[in-house]
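Hi there,

Here is the structure I promised to pass on, with my notes underneath. Have it open in your viewer while you read, and tell me if anything is unclear.

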Amino acid sequence: MSASVQSFFRARTDGEDRVIEVEGELAALNEACGGGVGKTLAIPELLALVTKSREYGLRLARQFRAVAGDDRITAWAEIAPLRGEGEGADISISSWKVEDAPVQSEEDVHQRRAEIDRHLAECSAHLDPQQRILSIETDAEDLTDLADAVRADIGKPWTDFVDLPGNAHEQPMHWRLLDGSECTIAGSRRRWTAHLEPLGKPEPGSAGFVLYLSAAQPLAAIESAGGGRTPSLGRELTPVLRQPINRIIANAETIRTKLAGPLADEYADYAGDIASAGQHLLALIDDLSDLEVVEAEDFTTAPDRIDLADVARRACGILGVRATEKQIKLEPPVDGESQPATAEFRRVLQVLLNLIGNAIRYSPEESRVWVRLDRIGSRALVTVADQGHGLDDEQQKKVFEKFERLGKHGDGGSGLGLYISRRIARAMGGDLTVESAPGQGARFTLSVPVDENGGTEER
């Protein structure tokens, strides 16, 4: 539904853009935006026009937009700067049009809230449908004991590792009852809030959950160590930097998605730009942190018996939404396929997320990215292939170098992902290679030692 009001409204402001006179629907809109007579004009786009007209002595005639409650308003403004008597502006409004603000679906709201939870979280864990922990990631100093306890006892419900004050019910409870619950964690003096993002359709949680733990207060900055030692980016500065950046992203997402209240589309877009810039900065910090770790002389991995097919399917699940947004069909290994290997689960997942993420980023819309398994002798292989532009011989020689971005610029990448991934692969006793040709896409293959006791036959 929409309605147009043909009446004209007038207003006048002083030399500091305070409202002196205002009438009709314009007065109601100004009040809805928090303004009033004697106060600064509160309609953001109209205020910007009035200020420009007054400061530059220009007569302006422009359309402006505003949001009030569930209404989206567009109108035509003619602004004339005044000379003398405070040097304000005369404002004439016409073509007043009111439309219903678009209604966001419940699913859209849920996805955006999950995005905010993700950026506020200082710890995340992947859970199975019974809320048993499959993997955990955290950089919070006061959650080190939690991470160690979980990794030593993978497969237990996450509620076994936290204390839910005042809750004597058998755990784990239904995920909806636990979503948003407060808890305390051994080794941390902070109070934590748990958020559960259900995976799978049509039944939420049928494919498991992502658990996010966030604290109301950030951990105090790490005190500078004595002896003139330079702080370590990976061990000390990264967690300190990540916390405020995550909060910037979360706040920007709250504004962009209008969860904090109505906002004109242009300003929501500005907030989206802030969130994107924060995400790029966060990715760069993470890459620089990983770079320090993998280049350390004592860098090692913790090999374990894993299934490459399972890790690949998890990586595809994590990046499925990103692929869908670009209309790319992401094809993981088929259910039932298995490839036992000896490698560190967390590091293999990190490498595959980088490879699949790159494939999605550099592939055209409505193309395919697929992940395939193989075995050659004592090597277990997982290949990520795309239908992108491909790489020539010279690009293939440089693709694993530091700060090389596949010839792409301005995409927010650091150019460190493939360099770090190859260092990780070789630390696990394997390698990372590429096969490509211009116009024929690229195939990146991670190889790690086979788990000879895994029961997979050579093929």
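Two strands pair if DSSP finds at least two bridges between them. That is the sense of "pair" for strands in this email, and please keep in mind that the model is a predicted one.

**Strands β4, β5 and β6**

Let me begin with strand β5, residues 71-81. On one side, β5 is joined to strand β6 (residues 89-100) by ten bridges, and the two run antiparallel. If you want a place to check this in the viewer, D71 has D100 in β6 as its bridge partner. Strand β4 (residues 60-68) also runs antiparallel to β5, with nine bridges between them. There, V67 is partnered with R72 in β5. The link from β4 to β5 is a hairpin with two residues between the strands, and G69 in the turn has a positive phi of about 60°. As for burial, β5 is mostly covered, since eight of its eleven residues are buried.

**The five-stranded sheet**

Further along the chain there is an open sheet of five strands, ordered β13-β15-β16-β18-β17, and its pairing is mixed. Its edges are β13 (329-331) and β17 (431-436), each of which pairs on one side only. From one strand to the next, the twist averages 20°. Helix α12 (residues 417-427) packs on this sheet, where it touches β17 and β18 (442-449), and the direction of α12 makes about 130° with that of β17. Within the sheet, β15 (residues 368-376) and β16 (residues 379-386) are antiparallel partners over eight bridges. One position to look at is V371, which stands opposite V384 in β16.

**Helix α10 and the cores**

Helix α10 covers residues 345-362, 18 residues in total, and spans 26 Å from its first C-alpha to its last, close to the 26 Å expected at 1.5 Å a residue. Its buried residues include V348, L352, L355, I356 and I360, along with the polar N358 and the charged R347. An α-helix has 3.6 residues a turn, so residues three or four places apart point the same way.

Which residues touch the most other members of the largest nonpolar core? In that core of 47 residues, they are L308, V348, L352, I356 and F444. The element that gives the most to this core is α10, with eight residues. Taking V348 as an example, and leaving aside its neighbours within four places in sequence, its contacts are I306, L308, V311, A343, M428 and L446. Another core, of 25 residues, lies apart from this one and has I133, M173, L196 and L213 among its members.

**Aromatic pairs**

How many aromatic pairs does the structure hold? There are three, and I will describe two of them. The rings of W175 and F209 have their centres 5.9 Å apart; their planes are at 50°, so this pair is tilted. W175 belongs to helix α5 (residues 175-178) and F209 to strand β11 (residues 209-215), so to speak a link between distant parts of the chain, 34 residues apart. W175 counts as buried because its relative accessibility is 9%, and F209 is buried as well, at 3%.

The rings of F400 and F444 have centres 6.1 Å apart and planes at 80°, so the pair is edge-to-face. This pair also joins distant parts of the chain: F400 sits in the loop between α11 (393-398) and α12, F444 in strand β18, with 44 residues separating them. F400 is buried at 8% relative accessibility, and F444 is buried too, with a relative accessible area of 10%.

**Two positive phi values outside glycine**

Finally, here are two backbone angles to check. Q131 has a phi near 65°, positive although the residue is not glycine, and is found in the loop between β7 (123-127) and β8 (133-138). E366 has a positive phi too, near 60°, and is likewise not a glycine; its place is the loop between α10 and β15. Is each of them buried or exposed? Q131 counts as buried because its relative accessibility, 5%, is under 20%. E366 is exposed because its relative accessible area, 64%, is over 50%.

Happy to talk any of this through.

Best wishes

Definitions and conventions
Residues numbered from 1 in each chain as written. Predicted model: local features only at pLDDT ≥ 70, side-chain atom pairs only at ≥ 80, totals over all residues. Heavy atoms only, no water. Helix = DSSP H or I, 4+ residues; strand = E, 2+ residues; numbered from the N terminus. Expected span 1.5 Å × (residues − 1). Buried < 20%, exposed > 50% of the residue type's maximum accessible area, 1.4 Å probe, protein only. Axes fitted to C-alpha atoms, helices over the stretch in contact; angles between N-to-C directions. Contact = heavy atoms within 4.5 Å. Core = buried A, V, L, I, M, F, W, Y, C linked by side-chain atoms within 4.5 Å. Phe/Tyr/Trp six-rings, centres within 6.5 Å; stacked < 30°, edge-to-face > 60°.
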